[in-house]
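Where does one start reading a fold like this one? Keep the sequence and the 3D view side by side, and follow along.

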Amino acid sequence: MGSTSSLATDLVKEAEAGYKIVDRAADFAEKQALRPDFDHSGERIAVTKQPNPSWRYGGGARGYDASLKHKEVDPYADSRPMMSNYKLLISGIAPRPIGFISTVSADGKTKNLAPFSYFQVIDHDPPTFVIGFSSRPGREKDTYRNLKETGECVINTVSENMMEAVNATSLDPPHGESVFSIEGKVVDTKELGNHGKPGMSAAGVVLIQATRFWVREDATNDDASHIELDKLRPVAQLGGMAYGRITSTFELPRKRWADEQGKSALLLGLE
């Protein structure tokens with residue numbers, strides 16, 4: 001028993017040595033000191049015109065350059081470190097919403113709160129969300145274990161004024177601390193097998209179905225069908241340590257084939 005435990009400990013230590021997800025950012029204070037202050041003015045988020053109001057069918061993407069080449073990447077190549085996939089994905093799949101997930105242990109004694117950017121709403125009827133848990137050295141994440149054991153959680157949105165506390169995972173928001181929160185229950189879990197490594201926990205995904213919404217009264221309309229962006233002030237996770245805020249938006253109506261076909265010779269030719 002002792003030798004088995006010792007072997008497991010050694011495997012975890014070996015896995016930790018190659019696990020560089022958390023950037024230590026030793027020179028962050030010096031870099032930040034040279035940057036402009038965060039704008040706390042609360043200016044309304046501007047709504048601009050769409051990027052190319054004169055676009056017509058057949059116009060393609062503005063500025064497209066066919067001479068630009070793509071590099072093929074095999075994410076499973078023996079010579080490719082896991083960290084290269086991590087850095088490529090979090091910088092390329094951006095912006096990503098942040099889900100601040102609150103759970104309780106099965107015995108009810110321990111509360112856990114953690115931010116996740118492998119998070120997304122995937123349906124509205126029924127309201128359903130997905131949370132991804134990546135493999136890491138040692139045991140699985142507390143949030144993942146709690147979800148599997150209790151089947152319940154609260155998902156909180158993250159606004160600008162919460163960021164430092166969220167980053168430190170030191171804020172335990174009651175209903176109302178976040179502009180928008182979702183109570184949910186687990187409907188399915190799936191471990192992502194065939195890619196396990198010694199000393200690392202299993203990766204997996206959890207599907208959450210909403211059971212109740214909580215939205216701050218001053219941020220929504222009478223029938224709670226919309227949240228004011230100026231009140232929500234959402235933050236998105238980008239690559240590395242970077243986060244993004246919304247300072248302007250534009251609108252673009254979704255179009256229907258039946259409405260558009262007669263307006264374009266190109267579309268008429270596709271019949």
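**From a hairpin to the whole sheet**

Start at a hairpin: strand 5 passes to strand 6 through two residues. Keep in mind that this is a predicted model. Strand 6 covers residues 127–133, runs antiparallel to strand 5, and is joined to it by five bridges. Take one bridge as a landmark: Gln120 has Val130 of strand 6 as its partner. The loop of this hairpin also holds Pro126, between strand 5 and strand 6. The peptide bond leading into that proline, from Asp125, is cis, with omega near 5°.

Now cross strand 6 to its other neighbour. Six bridges join strand 6 to strand 9, again antiparallel. Val130 serves as a landmark here too, with Leu207 as its bridge partner in strand 9.

Step back to see the sheet. It is open and has seven strands, in the order 4-3-7-8-9-6-5, with antiparallel pairing. Strand 4 (111–116) and strand 5 (119–124) are the edges, and each pairs on one side only. On average, neighbouring strands are turned by 30° against each other, direction ignored.

Is strand 6 enclosed or open to the outside? Five of its seven residues are buried, so the rest of the structure largely encloses this strand.

Next, find the helix on the sheet. Helix 4, residues 142–150, lies across strands 3, 4, 6, 7, 8 and 9. Its angle to strand 3 (99–104) is about 55°.

What fills the core? In soluble globular proteins, nonpolar side chains tend to be buried together. Here the largest nonpolar core has 16 residues. Those with the most contacts inside it are Phe116, Phe129, Ile131, Phe133, Leu147, Ile155 and Ile208. Helix 4 supplies at least two residues of this core, and so does each of strands 4, 6, 7, 8 and 9. A second, separate core has eight residues, among them Val158, Met162, Met163 and Val235.

Ile155 is a good residue to click on. Beyond its neighbours within four places in sequence, Ile155 is in contact with Gly99, Phe100 and Ile101, among others. Its contacts also include Phe119, Phe129 and Ile208. Phe180, Ser181 and Ile182 belong to the list as well.

Turn to the aromatic rings. The whole structure holds five aromatic pairs. Trp55 and Tyr57 make an edge-to-face pair, with 5.4 Å from centre to centre and 70° between the planes. Trp55 is partly exposed at 34% relative accessibility, and Tyr57 is partly exposed at 28%. Phe180 and Phe213 form another pair: their centres are 5.7 Å apart and their planes stand at 50°, so this pair is tilted. Phe180 lies in strand 8 and Phe213 in strand 9, so the pair ties together parts that are 33 residues apart in sequence. Phe180 counts as buried at 18% relative accessibility. Phe213 is partly exposed, at 45%.

Ring pairs also link Phe116, Phe133 and Tyr144 into a cluster. Phe116 and Phe133 have already appeared among the residues with the most contacts in the largest core. Tyr144 has a further partner: the charged end of Lys148 sits over its ring, 4.3 Å from the centre.

Finish with the backbone. Most residues other than glycine have a negative phi, and most peptide bonds are trans. Which residues have a positive phi here without being glycine? Ala224 does, with phi near 50°. Ala224 sits in the loop between strand 9 and helix 6 (229–232), and is partly exposed, with a relative accessible area of 48%. Arg233 does too, with phi of about 45°. Arg233 lies in the loop between helix 6 and strand 10 (235–237), and counts as buried at 14% relative accessibility.

There is a cis bond outside the hairpin as well. The peptide bond from Ala94 to Pro95 is cis, with omega near 0°. Pro95 is in the loop between helix 3 (82–92) and strand 2 (96–97).

One last stop is Lys197, in the loop between strand 8 and strand 9. Lys197 is partly exposed, at 46% relative accessibility. Lys197 and Ser135 are 62 residues apart along the chain, and their C-alpha atoms are separated by 8.8 Å.

Methods. Residues numbered from 1 in each chain as written. Predicted model: local features only at pLDDT ≥ 70, side-chain atom pairs only at ≥ 80, totals over all residues. Heavy atoms only, no water. Pairing = 2+ DSSP bridges. Helix = DSSP H or I, 4+ residues; strand = E, 2+ residues; numbered from the N terminus. Axes fitted to C-alpha atoms, helices over the stretch in contact; angles between N-to-C directions. Contact = heavy atoms within 4.5 Å. Buried < 20%, exposed > 50% of the residue type's maximum accessible area, 1.4 Å probe, protein only. Core = buried A, V, L, I, M, F, W, Y, C linked by side-chain atoms within 4.5 Å. Phe/Tyr/Trp six-rings, centres within 6.5 Å; stacked < 30°, edge-to-face > 60°. Lys NZ or Arg CZ within 6 Å of the ring centre and 35° of its normal.
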